[in-house]
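Thank you all for coming. I would like to walk you slowly through one model this morning, so please have a look at it before I begin.

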Amino acid sequence: LENGQVLVWDTSASTEAIDAKRQREKRRLAGESTKEDEEAALFDDDEQPPLESFAMASLGDHKVEHCHRRSVTQVVWLPKNAQIDYKGRLLEEEYQGEHSNQFVSISLDGQLLFWDLRFEDIARGKHPKIGRRMRGSTDVGPDGKLKAVPWQPLWKCHLAHPAGVGELGLCHMVNSFVGVGDDPIPSTEEDVPDMQPDHRCKFVACSEDGELLNGDWAAVSEDDSEPAYVTWAAKDHPRPALALQQCALLRDHLLTCAERHFHVWLFGQKQPAFKSPRTAKLSCVAWSPTRAGVVFCGRADGGLDVWDLCDDPERPIGSFRVASSAITSMSFQSDLLPGEYDQLLALGDEQGNLHVFDVPTPLRKAKASDVDTFKSFIRAEIDWEVKSQERMAAQKEAAENAKAAAPAEEAAEEEPAAEEEAPKEGEFDFSEADLEADNAAYAKLQRKLAQEMDIRLLESGLRDWSYEPQPEQPAQ
């Protein structure tokens with residue numbers, strides 16, 4: 001929510017009612033309707049009761065904050081094997097349950113808050129391996145029922161920028177990296193086995209400053225200081241990213257988009273592998289779940305662009321008009337039922353309208369070499385960028401070396417000439433004729449000055465002190 005709280009809705013009753021209606025309709029079309037189906041069909045047109053919230057996070061009190069300080073930007077469910085306890089440690093398999101009950105919320109306040117839907121049972125001590133018992137959780141109210149338990153985060157961690165400057169607000173996050181780059185790390189010691197990396201707690205996020213972050217919420221510190229949960233941060237866009245998507249076919253490939261560009265990242269790299277040309281103003285993106293190189297971009301003017309990066313990475317292969325306002329969200333149908341062959345794409349616009357499209361066969365049907373072709377394309381882009389940077393670094397180094405060598409060469413050229421022209425100690429750098437000419441000019445200047453000052457000079461050029469100048473007679 002905008003105030004930093006988390007609200008969970010329970011849609012199970014409505015979902016079950018919709019599924020039951022679909023089953024009755026299938027039996028009716030097959031001519032297998034029962035009396036119970038006919039009676040239930042009489043109430044199909046009745047207005048469904050409004051949904052009720054399952055739980056809302058507690059705001060806390062004047063001492064402790066139980067939610068985010070700024071608006072929540074995204075909620076991400078944790079995989080079953082990535083659930084944690086109240087200390088942030090991964091749960092053992094026997095305590096994980098049949099399905100995941102935990103999710104993490106991110107916000108612009110730079111915190112990761114981890115929530116568990118079993119908070120009431122945890123507070124009353126039914127899951128001691130997951131969380132601590134809450135004081136007063138078993139108290140009975142005046143109505144004879146147990147008092148309500150406030151929903152608090154199971155665990156929280158504060159993210160700090162690797163540079164140690166400012167608050168690190170998050171806009172988007174993905175955390176499904178199990179199996180990505182899981183090659184064993186060779187050990188340097190003989191008796192120590194190779195280390196198997198664990199990516200269950202790895203995450204990649206976009207910050208409000210336009211950076212892409214890589215982190216691990218299971219990080220630990222050697223001392224009592226706060227662990228460095230963020231391992232690195234790299235500049236991605238000049239403004240906050242509008243979306244962060246993970247490729248369903250290649251989970252080590254990530255897609256981010258800003259207003260005029262979208263970028264493709266390879267997990268572990270610290271710079272984009274591909275940068276799109278300048279496009280129309282974008283508002284959201286979605287990666288095709290069946291074709292690795294196909295990207296759908298929603299525009300701020302209500303249009304939809306389709307890119308096939310393996311075919312033409314310079315321009316979209318198709319553009320469509322969807323709505324009269326900006327496309328704000330876009331999602332593919334997660335699972336197809338048996339026997340269904342179509343692919344549905346749902347788009348939401350700024351005016352609250354929902355648009356559902358059947359993706360054409362050329363854009364949804366995977367080719368045999370799609371994945372390999374896209375991987376080769378990304379690898380070629382990375383190699384080109386590496387060579388380009390090496391070439392630029394070599395040119396810069398050559399220019400600096402040439403600039404530093406130029407004064408040295410000039411000094412080396414001038415040094416011999418200076419040595420030839422400079423006189424040795426005790427010698428003068430002029431001829432005898434030049435000396436006589438200088439002496440004659442000096443004697444002439446001396447005589448002129450003595451005449452103007454009424455001074456008599458001897459033949460040696462010294463002043464004659466026996467001569468006294470006559471005082472000047474006043475004019476008659």
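**A helix, a strand pair and two cysteines**

Let me start with helix H6, which is hardly covered, since the count of buried residues among its 21 residues is one; buried here means under 20% relative accessible area, with exposed over 50% and partly exposed in between, using a 1.4 Å probe and protein chains only. I should say that this is a predicted model, in which local features need pLDDT of at least 70 and side-chain atom pairs count only at pLDDT 80 or more, while totals for chains, interfaces and linings use all residues. Residues are numbered from 1 along each chain as its sequence is written, and side-chain values use heavy atoms, leaving out hydrogens and water.

Helices (H or I, at least four residues) and strands (E, at least two) are DSSP runs, numbered from the N terminus. After H6 comes Asp454, whose phi is positive, near 55 degrees.

Turning to the strands, S5 (residues 111-116) and S6 run antiparallel and are joined by four bridges, where pairing requires that DSSP finds at least two bridges between two strands. Leu113 has Lys156 in S6 as its bridge partner. Along S6 (residues 155-158) the side chains alternate, with Trp155 and Cys157 buried on one face, and Lys156 and His158 pointing to the other and not buried.

Finally, how many disulfides are there? Taking a disulfide as a pair of cysteine sulfur atoms within 2.5 Å, the count is zero. The sulfur of Cys257 has its closest cysteine sulfur in Cys297, 6.7 Å away, which is too far for a bond. Cys257 is buried at a relative accessible area of 0%, and Cys297 also counts as buried, at 0% relative accessibility.
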